[in-house]
Amino acid sequence: MIVLITGATAGFGKATAQLFASKGFDLIITGRRTQRLNDLKKEIESMHKVNVIALDFDIRNFSQVERAINELPDSFKKIELLVNNAGLAVGMSSIHDGLIDDWERMVDTNVKGLLYMTRIVSPLMIQQKRGHIINVGSIAGKEVYPNGNVYCATKFAVDALNRGMRMDLVQHGIKVSSINPGMAETEFSVVRFKGDEERAKNVYKGLQPLTAEDIAETIYWMYSRPAHVNINELVIMPTRQASSTVSVRE
């Protein structure tokens with residue numbers, strides 16, 4: 001069984017790769033941080049009897065996506081699960097103060113990158129008449145919050161694409177699911193605040209957020225349901241978070 005995970009160099013992607021490897025799955029892991037990607041490949045292969053291909057490319061560039069997947073060995077094109085995990089939030093500006101570069105990074109990664117990966121991988125699944133695509137969304141794709149504008153818009157797009165993809169692919173026996181986390185302490189806020197680690201820590205201050213391992217375990221559970229069962233979408237939150245704007249802190 002081959003599992004392809006985008007954005008595997010940290011956070012949800014890395015934890016998901018480690019968990020699936022522990023279950024005996026061969027992996028294709030992707031990312032743009034070459035050293036981290038290669039370190040993860042070595043770590044997994046040394047701990048588990050699985051094969052790992054590390055692909056260093058930018059999912060925002062369709063020609064790179066196409067080349068990377070097309071050049072896989074035939075045995076690794078039999079992809080059973082695609083986890084569209086790569087994504088990011090950048091900045092928290094009001095719409096009238098927004099930085100165009102931030103907007104483009106989010107739209108190109110969160111929406112177009114997901115589309116590019118799905119466009120190339122889904123025909124391989126159609127050929128084998130089975131497969132599962134799990135899209136990593138966000139509570140930001142269910143509720144809008146102040147200064148979340150463009151990031152929320154990209155995750156609302158993921159929500160819509162998840163539904164549309166399921167309609168298009170159901171006739172081919174392919175499952176499509178989404179997982180939509182609330183607050184989870186990974187590198188997410190550090191990236192959003194452009195390296196300001198102190199500000200990032202304050203996001204989770206006073207409550208216990210989700211971990212990358214929580215999300216990885218849930219992704220595995222979604223994938224491991226019987227063949228006749230599909231988890232269309234799942235929202236997962238810390239116990240002390242009720243919505244994107246309501247939480248209880250000590």
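## Exercises on contacts and helix packing

**Contacts of Glu-250**

Task: leaving aside neighbours within four places in sequence, find which residues Glu-250 is in contact with, where contact means heavy atoms within 4.5 Å.

Solution: Outside that window of four places, the contacts of Glu-250 are Gly-206 and Arg-240. The model is a predicted one, in which local features need pLDDT of at least 70 and side-chain atom pairs count only at pLDDT 80 or more, while totals for chains, interfaces and linings use all residues. Residues are numbered from 1 along each chain as its sequence is written, and side-chain values use heavy atoms, with hydrogens and water left out. Next, place the residue: Glu-250 belongs to the segment after strand 7, where helices (H or I, at least four residues) and strands (E, at least two) are DSSP runs numbered from the N terminus. For the pair with Gly-206, the separation is 44 residues in sequence, whereas the C-alpha to C-alpha distance is 4.7 Å. Finally, the relative accessible area of Glu-250 is 79%, so the residue is exposed; the classes are buried under 20%, exposed over 50% and partly exposed in between, with a 1.4 Å probe and protein chains only.

**A loop residue, Phe-76**

Task: decide whether Phe-76 counts as buried or exposed, and list what Phe-76 touches beyond four places in sequence.

Solution: Begin with the location, which is the loop between helix 3 (62-70) and strand 4. The relative accessibility of Phe-76 is 10%, and the residue therefore counts as buried. Once residues up to four places away are set aside, Phe-76 touches Ile-2, Asp-26, Leu-27, Ile-28, Asn-51 and Ile-53. Of these partners, Ile-53 is 23 residues away from Phe-76 in sequence and 8.6 Å away in space, taken from C-alpha to C-alpha.

**The buried side of helix 8**

Task: compare the span of helix 8 with the expected value, and say which residues of helix 8 are buried.

Solution: Helix 8 covers residues 212-223, twelve in number, and its end C-alpha atoms are 17 Å apart, close to the 16 Å expected at 1.5 Å a residue; the expected span is 1.5 Å times one less than the number of residues. The buried set consists of Ala-212, Ile-215, Ala-216, Thr-218, Ile-219, Met-222 and Tyr-223. These residues occupy an arc of only 165° around the axis, which means that they lie on the same side of helix 8, the arc being that of the directions from the helix axis to the C-beta atoms. As for their surroundings, the buried residues pack against helix 1 (11-22) and against strand 4 (79-84), strand 5 (131-136), strand 6 (174-181) and strand 7 (233-236).

**Helix 1 against helix 8**

Task: at what angle do the axes of helix 1 and helix 8 cross, and what is the handedness of the crossing?

Solution: The two axes, which are lines fitted to C-alpha atoms over the stretch in contact, with angles from 0 to 180 degrees between N-to-C directions, come within 8 Å and cross at roughly 55°. Helix 1 and helix 8 are therefore oblique to each other, given that angles under 35 degrees count as roughly parallel, over 145 as roughly antiparallel, 65 to 115 as roughly perpendicular and the rest as oblique. Their crossing is right-handed, a term for the near helix being turned clockwise from the far one by less than a right angle, with anticlockwise being left-handed. From helix 1, the residues Gly-11, Phe-12, Ala-15, Thr-16, Leu-19 and Phe-20 take part, and they meet residues of helix 8 that include Glu-213, Ile-215, Tyr-220 and Tyr-223. The buried residues of helix 1 include Phe-12, Ala-15, Thr-16, Leu-19 and Phe-20, and helix 1 is followed by Gly-24, with a positive phi near 95°.

**Helix 4 and its partners**

Task: work out how helix 4 is oriented to helix 5 and to helix 3.

Solution: Helix 4 (residues 100-128) packs with helix 5 at about 15°, the axes being 9 Å apart, so the two are roughly parallel. The contact involves, among others, Trp-103, Leu-114 and Ile-126 of helix 4, and Tyr-151, Leu-161 and Leu-169 of helix 5. For helix 3 and helix 4, the angle is about 25° and the axes are 9 Å apart, and these helices are therefore roughly parallel as well. In the latter pair, Phe-62, Val-65, Glu-66 and Ile-69 of helix 3 meet Tyr-116, Met-117, Arg-119, Ile-120 and Leu-124 of helix 4. Helix 4 passes helix 5 in a right-handed crossing, and helix 3 passes helix 4 in a right-handed crossing too.
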